[in-house]
Amino acid sequence: MSSLLMMLLPIIIIQFILMIVALIDLVKIPQTNGPKWLWAIVIVCGNIIGSIIYFIFGRKQV
Amino acid sequence: MMQWRVLLQKEWRDHVRNLKILWIPIVFVLYGIMQPVMFYYMEDIMKAVGNMPEGVDMGITDMTSADVMASTVGQFHLIVALIVILSFMGVISKERKNRTAALLYVRPISFSAYYLSKLSGATIVALLSTVLGLLASFYYTMILYDEMDVWKCAALIGTYSLWVLFVVTVTLTASAVFSTGVAGTLAFLLTYFMQLIDSIIGQFWTVSPWKLGTYAITWLVAEPDSSDFWLSVVVTVIAILLLVIIGIWGTRKNVENIKI
């Protein structure tokens, strides 16, 4: 079981980094497409896909 | 040359500020390593989920590293083009709309420097991500399964990079000539739809840019038919050069569409 954990650990860590980056960006950005709290839910619950969708559609390009 | 360098620096800063340089490689690496790990533990996962009849052999346990890598690249194929198109389809057309282009075009910059700086900026991000993702995938496959020939991996990465370059060029050219929505649709048609057509009736010809993905996977087990492969490479390079010329023409033509 420990070897399984060692194998899965990088995936979990990278996924976590992606989520944290998305959340930090969400806090710092002045405005998003749609309400910010909705994007927070999408990022936290949507795993990889949620963060990807936020980066592509959520960021309002000024 | 000087203009191109300055514009590329602007482009780089843009990619850093909107975090493209961070999240695209992360996503590609994630998709690269998830597939081998999942295949490796598929049996355990199946056991844990249960409901499997006695004595079912899914044929997963005796997969070689080449099989795993082939299926990973197949998965990768869907994600890469999708993310590249979605994140770069507005690179030029959005600047026309949000008035950045007006600020740029009042200065005497050449259109080729402008377009090429955009293309190189997008290419750097896309290729870096692809190579990182594929390397991570190779690393995991080699740990979990058996060793692979380094040269085969290099050939696969090289072939695949050319395909990514093609996708990036298609996206940027569409973005230079049309508005964002049309550009995205066109880029999708030219990559996904053409690939579909190529896989349905593609046995009548062996040379096309859309076959590069298949040729890249072929490198794992055997060498692809060398004349067909190199002809495809040449055709792709010519297509990329043509698209660059069309793109420069498009940026020039669209000067009147700039919002001020």
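The paragraphs below lead through a predicted model with chains A and B, from the fold of chain B to its salt bridges, its interface with chain A and the annotated spans of chain A.

Because the model is predicted, local features need pLDDT of at least 70 and side-chain atom pairs count only at pLDDT 80 or more, while totals for chains, interfaces and linings use all residues. Residues are numbered from 1 along each chain as its sequence is written, chains are lettered from A and ligands numbered from 1 in the order in which they are written, and side-chain values use heavy atoms, with hydrogens and water left out.

Chain B is a good place to begin, and its secondary structure comes to eleven helices and zero strands, where helices (H or I, at least four residues) and strands (E, at least two) are DSSP runs numbered from the N terminus. Along the sequence the pattern therefore reads α-α-α-α-α-α-α-α-α-α-α. The C-alpha trace of chain B spans about 70 × 40 × 30 Å along its principal axes. Of the 260 residues in chain B, 52% count as buried, a term that means under 20% relative accessible area, with exposed meaning over 50% and partly exposed lying in between (1.4 Å probe, protein chains only). When contacts in chain B between residues at least 6 apart in sequence are considered, 83% of them join residues at least 24 apart, contact here meaning heavy atoms within 4.5 Å.

One residue in helix 7 of chain B, Thr123(B), can serve as an example of a buried position. Thr123(B) counts as buried because its relative accessible area is 13%. If its neighbours within four places in sequence are left aside, Thr123(B) is in contact with Leu128(B), Leu165(B) and Val168(B).

The charged residues of chain B add further links. A salt bridge is a side-chain nitrogen of Lys or Arg within 4 Å of a carboxyl oxygen of Asp or Glu, and by this rule the count comes to six over all chains. One of them joins Lys10(B) to Glu11(B), with the closest N and O atoms 3.4 Å apart. Lys10(B) counts as partly exposed because its relative accessibility is 26%, whereas Glu11(B), with a relative accessible area of 1%, is buried. Another salt bridge pairs Glu95(B) with Lys118(B), whose closest N and O atoms are 3.0 Å apart. This pair links distant parts of the chain, since Glu95(B) belongs to helix 5 (residues 93–97) of chain B and Lys118(B) to helix 7 of chain B, 23 residues apart. Both Glu95(B) and Lys118(B) are buried.

A further salt bridge is formed by Asp198(B) and Lys211(B), with the closest N and O atoms 2.5 Å apart. Here too distant parts of the chain are linked, with Asp198(B) in helix 9 (residues 180–201) of chain B and Lys211(B) in the loop between helix 9 and helix 10 (212–221) of chain B, 13 residues apart. Asp198(B) counts as buried at 7% relative accessibility, and Lys211(B) counts as buried at 13%. Salt bridges that share partners join Lys10(B), Glu11(B), Glu95(B) and Lys118(B) into one network.

Where chain B meets chain A, 21 residues of chain B are in contact with 21 residues of chain A. The area buried between the two chains is about 1900 Å², of which carbon and sulfur atoms give 82%; buried area is the accessible area (1.4 Å probe) that two parts lose on being put together, summed over both. Trp23(B), Leu30(B) and Tyr41(B) supply 28% of the area that chain B buries against chain A, more than any other three residues. Across this interface the rule finds zero salt bridges. The elements that give two or more residues to the side of chain B that touches chain A are helix 2 (20–40), helix 4 (65–88) and helix 7 (111–144) of chain B, and helix 2 gives the most, with ten residues.

Chain A carries annotations from UniProt, whose positions are given in the numbering used here, whose feature names are shortened, and whose annotations may be inferred rather than shown by experiment. The unreviewed UniProt entry places "domain: Cardiolipin synthase N-terminal" at residues 17–59 of chain A, a span that is 79% helix and 0% strand, with its end C-alpha atoms 18 Å apart. UniProt (unreviewed entry) also places the feature "transmembrane region" at residues 7–25 and 37–57 of chain A. Residues 7–25 of chain A are 100% helix and 0% strand, and their end C-alpha atoms lie 29 Å apart, while residues 37–57 of chain A are 95% helix and 0% strand, with end C-alpha atoms 15 Å apart.
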